[in-house]
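Please look over the structure shown below, and then read the notes on its internal cavities and on one of its helices.

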Amino acid sequence: MSFIGGIDFRPLQSRISAQERAARCASPAFGHVFTEHMVSMSWSRELGWNKPELVPYGPLELDPATVGLHYGQVVFEGLKAFRTDDDRIFVFRPEAHARRFRRSAQRLMIPEFPDELFVRAVDALVYEDRAWIPDDPNVSLYLRPILFASEAALALRPAHEYRFLLMAFVTEGFFGQVPRPLTVWATTEYSRAATGGTGESKCAGNYAGTYLAQEQAAREGCDQVVWLDSVERRWVEELGGMNLFFVHGRGDRARLTTPPLTGTLLPGVTRDALLVLAADLGLAVTEEPITLDQWRRGCLDGEISEAFACGTAAGISSIGTVRTASGSWNVGDGAEGAVTAQLSRLLLGIRRGELPDPHHWMHPVGPAVAGRREQR
Ligand code: COI
């Protein structure tokens, strides 16, 4: 029995052999290879958050009138756990993800999930399923906490019952093992978020609303959609489910910009980390709006030398080509640029425990805290 933060998560027996696990993890595409367990908690008006437990990962029994299914009162997070070369396990910035989870919940009138409980749940699941985190530095454990309205009632009001689940899956990069520069499609037809809406919350509906545009992007031979503001359709906001950065100038004169958090953009934890890391490297960094036309002209006259997207799932992905209904252009020479590569190495190095972690972003899990070697 392990007591984590006063919560009793009982360890469970593993029913999957080491060979079976290795076979499932051989080529783990994003979102497919789930580990054996999950954390579950419930909320009611009488009890608040209650019944914390580690349970086998598996299907749920839901009433057809479950509020979350009908009215989308659902928020989630995405964070990652890594195994280091010397066999320690860390989670990247769980407290920052806990804060964003709480803010997303507030926006959808879901009872707040306390940050400490969030981190305890992460600790419990990662420790329980630690054997699933492979040694392969290109593979990590993606943690997916979700909060949904579980009351069976179709009155159009915030539900009176909620469920928290934390599951985990093993994953290589979001864009496969060997990422290549992305070709992106700037849509002026669809928009992701509007002022006063839910764009800065990580709620389920924000993602469902992107599929149609993503399908259009794929038809245009592109990997992802560039989202523009919903009013003027010219201010660049995000890329797919990721934040965007631009490198202006080169060498000693390079500076970094990213669109400001206007309320319609997701405040990315990776975005925040890169703002800090770039400043550590001595790069000038600003949160600065940019239009699609400024992006095009900047690339054509050489003022913009690189662009990249970032997020938990994707890490850092360089952008090689931008396509629009009225034409396309390359960013730099279309390949990953020097600043993108440098930031990418730095972020990966910190997450894999190969480089110092001056901002204490890596949260140790389980016996790693005591410096013990784990049995796998
Ligand atoms: C992430 O980057 O972790 C996301 O949540 C975006 C998407 C894969 C859902």
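About 40 Å³ of space lies in the largest cavity, where a cavity is a set of points, on a 1 Å grid over the protein atoms alone, at which a 1.4 Å probe fits but cannot get out. This is a predicted model, in which local features need pLDDT of at least 70 and side-chain atom pairs count only at pLDDT 80 or more, while totals for chains, interfaces and linings use all residues. Residues are numbered from 1 along each chain as its sequence is written, and side-chain values use heavy atoms, with hydrogens and water left out.

**Cavities**

- The count comes to two cavities of 30 Å³ or more.
- The lining of the largest cavity (residues with an atom within 4 Å of a point) consists of Arg 83, Thr 84, Asp 85, Asp 135, Pro 137, Arg 352 and Glu 354.
- The second largest cavity holds about 30 Å³ of space, and its lining is made up of Phe 82, Arg 83, Pro 134, Asp 136, Pro 137, Val 139 and Arg 352.

**Helix H6**

- In helix H6, a DSSP run (H or I, at least four residues) numbered from the N terminus and spanning residues 211–219, Ala 213, Gln 216 and Ala 217 are buried, that is, under 20% relative accessible area with a 1.4 Å probe and protein chains only.
- Seen down the axis of H6, these buried residues fall within an arc of 100° (taken from the directions from the helix axis to the C-beta atoms), so they line one face of the helix.
- The face turned away from that buried side carries Tyr 211, Leu 212 and Arg 219, which are exposed, meaning over 50% relative accessible area.
- Gly 221, which follows H6, has a positive phi, near 80°.

Key
Helices (H or I, at least four residues) and strands (E, at least two) are DSSP runs, numbered from the N terminus. On a 1 Å grid over the protein atoms alone, a cavity is a set of points where a 1.4 Å probe fits but cannot get out, and a pocket is an open set with protein on both sides within 12 Å along at least five of seven lines; lining residues have an atom within 4 Å of a point. Grid points are joined across faces, edges and corners, and a volume is the space filled by probe spheres set on the points.
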